[in-house]
Amino acid sequence: MQGETGKPLMEQDYGRVFISAIDQEELSLAPVYSKYCANLALSDRARKGFLSNRPEFVQFLDESLNKAGIEKQQLKSFLIKPLQRLCKYPLLLKELVKHFIGPATSPVLVSLNEALERVNQLVRYNYRASSSGAYRCFD
């Protein structure tokens, strides 16, 4: 990302950054998010079980989450963050496309649109792959 910020505004290709993050085999977002989303409901059940059956876990959480800077967030708030981030990527890319100034044939706009489609595919895939209800697991 930092490489793009040094370029002139009309040449900053953040769409390519997203595409690279999705495509790079060793750094790919796809398998990371897929595994995370597929196991989110399982992790929520485990979290609830530990909260019910493990007083030392409850004590550890209380001590850890009450430290300065955390502002008394619950563990489930931290666990849902990656999923929320995944769902924000399409919104960010839509705004970049919407506010793009330049020709419709610009390589930057083309890659932003491609990135938007690829990220939407990733979100849809993870939603479908999550038949366990991971997208609704935190009540």
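Which residues does Val119 touch, not counting residues up to four places away in sequence?

1. Val119 touches Phe18, Ile22, Tyr89, Pro90 and Leu93, where contact means heavy atoms within 4.5 Å. The model is predicted: local features need pLDDT of at least 70, side-chain atom pairs count only at pLDDT 80 or more, and totals for chains, interfaces and linings use all residues. Residues are numbered from 1 along each chain as its sequence is written, and side-chain values use heavy atoms, with hydrogens and water left out.

2. The largest nonpolar core (buried Ala, Val, Leu, Ile, Met, Phe, Trp, Tyr and Cys residues joined through side-chain atoms within 4.5 Å) has 21 residues. Those with the most contacts inside this core are Phe18, Leu29, Leu86, Tyr89, Leu93 and Val119. Two or more residues each come from α2 (14-23), α3 (29-38), α6 (75-98) and α7 (107-129), the helices being DSSP runs of H or I, at least four residues, numbered from the N terminus. Helix α7 gives the largest share, eight residues.

3. There are two aromatic pairs, counted where ring centres of Phe, Tyr or Trp (its six-membered ring) lie within 6.5 Å; planes under 30 degrees apart are stacked, over 60 edge-to-face and the rest tilted. Phe18 and Tyr89 are edge-to-face, because their centres are 5.3 Å apart and their planes stand at 75 degrees. This pair links helix α2 with helix α6, across 71 residues.

4. Phe18 is buried at 7% relative accessible area, and Tyr89 is buried at 18% (buried is under 20%, exposed over 50%, partly exposed in between; 1.4 Å probe, protein chains only).

5. Phe50 and Phe57 form a tilted pair, 5.2 Å centre to centre with 45 degrees between the planes. Phe50 is partly exposed, at 31% relative accessibility.
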